[in-house]
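Please walk me through this structure, beginning with its overall make-up and then turning to the side-chain contacts inside it and the surface outside.

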Amino acid sequence: MPMPTWLRSVLVAAAVGAAAGLVVGGAGGRLVMRLVALAQPPDALGTRMPSGAAVGDVTWAGTAQVLGWGALVGVIGGLLYLGVRAVLPAGARVRAPVFAGFLLLVPGAVFSADPAFARLERPLLALALFAPVFVLFGLAVPVAVERLAPGPAAGRGGLARTARGFLVLTVAVAVTVQVVSLSQVAAR
């Protein structure tokens, strides 16, 4: 018996998200953390973050935790893409940059509001270094999902217009949160 299309799409999106999350979010995030530590003045090294980790310390346990969280958040990101792809423009070449921008603005707004950045000497640099992680994940997931489990063309009905309006409103709120949090970080 063949697998239902919707189930195949869910499994593909979760697997692609986990893989992209592990590589881009986990390994890429760990690399960015190292770059952030190197960019801090020497007296800032060792500063304790809310997670309990110290700026500049690289441990196997910490690396495993970052990789695990990257994969888990990646699954959520893959399923998020699956949930919004019908209201995005058709085709992976267009959906990928739109989804990447959405991730940079919406989850990126939540990320930038994290109080851990206030403990860094160069918080804006840290946020700028993390931005490509959101973009690369947002570009990789749609391309892989559309290749392995092609989705429907962009919706055209009233429900699709309402969903697009909700996405636009969500992005507008996220941009506001980004501006406020970046202003607060810059003022410290």
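Of the 188 residues that make up the protein, 37% count as buried. The model is a predicted one, and the values that follow are computed from its atoms. Its secondary structure comes to 5 helices and 0 strands, so that the pattern read along the sequence is α-α-α-α-α, as the helix and strand assignments give it.

Helix α2 is a convenient place to begin. At 1.5 Å a residue, its 25 residues should span 36 Å, and the C-alpha atoms at its ends are indeed 36 Å apart, which agrees with the expectation. The buried residues of α2 are Gly-62, Thr-63, Val-66, Gly-70, Ala-71, Gly-74, Gly-77, Gly-78, Tyr-81, Leu-82 and Val-84. Not every position in this helix is covered in that way: Val-73, which also lies in α2, is partly exposed, because its relative accessible area of 48% falls between the limits of 20% and 50%. Val-73 belongs to a nonpolar patch on the surface, which it forms with Trp-69, Leu-72 and Ile-76, and the four residues together have about 430 Å² of accessible area.

Helix α4, residues 123-148, can be treated in the same manner. With 26 residues at 1.5 Å a residue it should span 38 Å, and its end C-alpha atoms are 38 Å apart, in agreement with that figure. Its buried residues are Pro-123, Ala-126, Leu-127, Phe-130, Val-133, Phe-134, Phe-137, Gly-138, Val-141, Pro-142, Val-145 and Glu-146. Glu-146, a member of this list, returns below in the discussion of charged side chains.

The aromatic contacts come next, and the count of them is 2 pairs. In one of these, the rings of Tyr-81 and Phe-99 have their centres 5.1 Å apart and their planes at 70°; since an angle over 60 degrees counts as edge-to-face, the pair is classed in that way. This pair links distant parts of the chain, with Tyr-81 in helix α2 (residues 60-84) and Phe-99 in helix α3 (residues 92-112), 18 residues apart. Tyr-81 has a relative accessible area of 0% and is therefore buried, and Phe-99, also at 0% relative accessibility, counts as buried because that value is under 20%. Phe-99 forms a further aromatic pair with Phe-102, and this one is stacked, at 6.4 Å centre to centre and with 25° between the planes. Because Phe-99 and Phe-102 are 3 residues apart in helix α3, they are separated by about one helical turn. Phe-102 has a relative accessible area of 13%, so it too is buried. Taken together, the ring pairs link Tyr-81, Phe-99 and Phe-102 into a cluster.

Charged side chains provide the remaining contacts to be followed here. Side chains of opposite charge can pair when their charged atoms come close. The structure holds 2 salt bridges. In one of them the side chains of Arg-85 and Glu-146 meet, with a distance of 3.1 Å from N to O. The two residues belong to distant parts of the chain, Arg-85 being in the loop between α2 and α3 and Glu-146 in helix α4, 61 residues apart. Arg-85 is buried, since its relative accessible area is 5%, and Glu-146, at 12% relative accessibility, likewise counts as buried.

Glu-146 also takes part in a salt bridge with Arg-95, where the closest N and O atoms are 3.2 Å apart. Because Arg-95 lies in helix α3 and Glu-146 in helix α4, this pair ties together parts that are 51 residues apart in sequence. A polar contact of 3.2 Å is likewise found between the side chains of Arg-95 and Glu-146. At 1% relative accessibility, Arg-95 counts as buried, because the limit is 20%. What, then, do Arg-85, Arg-95 and Glu-146 form when they are linked? They are linked in a network of salt bridges.

Terms used. Residues numbered from 1 in each chain as written. Predicted model: local features only at pLDDT ≥ 70, side-chain atom pairs only at ≥ 80, totals over all residues. Heavy atoms only, no water. Helix = DSSP H or I, 4+ residues; strand = E, 2+ residues; numbered from the N terminus. Expected span 1.5 Å × (residues − 1). Buried < 20%, exposed > 50% of the residue type's maximum accessible area, 1.4 Å probe, protein only. Phe/Tyr/Trp six-rings, centres within 6.5 Å; stacked < 30°, edge-to-face > 60°. Patch = residues over 30% accessible without salt bridge, like charges linked within 9 Å, V, L, I, M, F, W, Y side chains within 5 Å. Areas by Shrake-Rupley, 256 points an atom, 1.4 Å probe, with all protein chains shown as cover. Polar contact = N/O pair within 3.5 Å; in protein donor to acceptor, adjacent residues only side chain to side chain.
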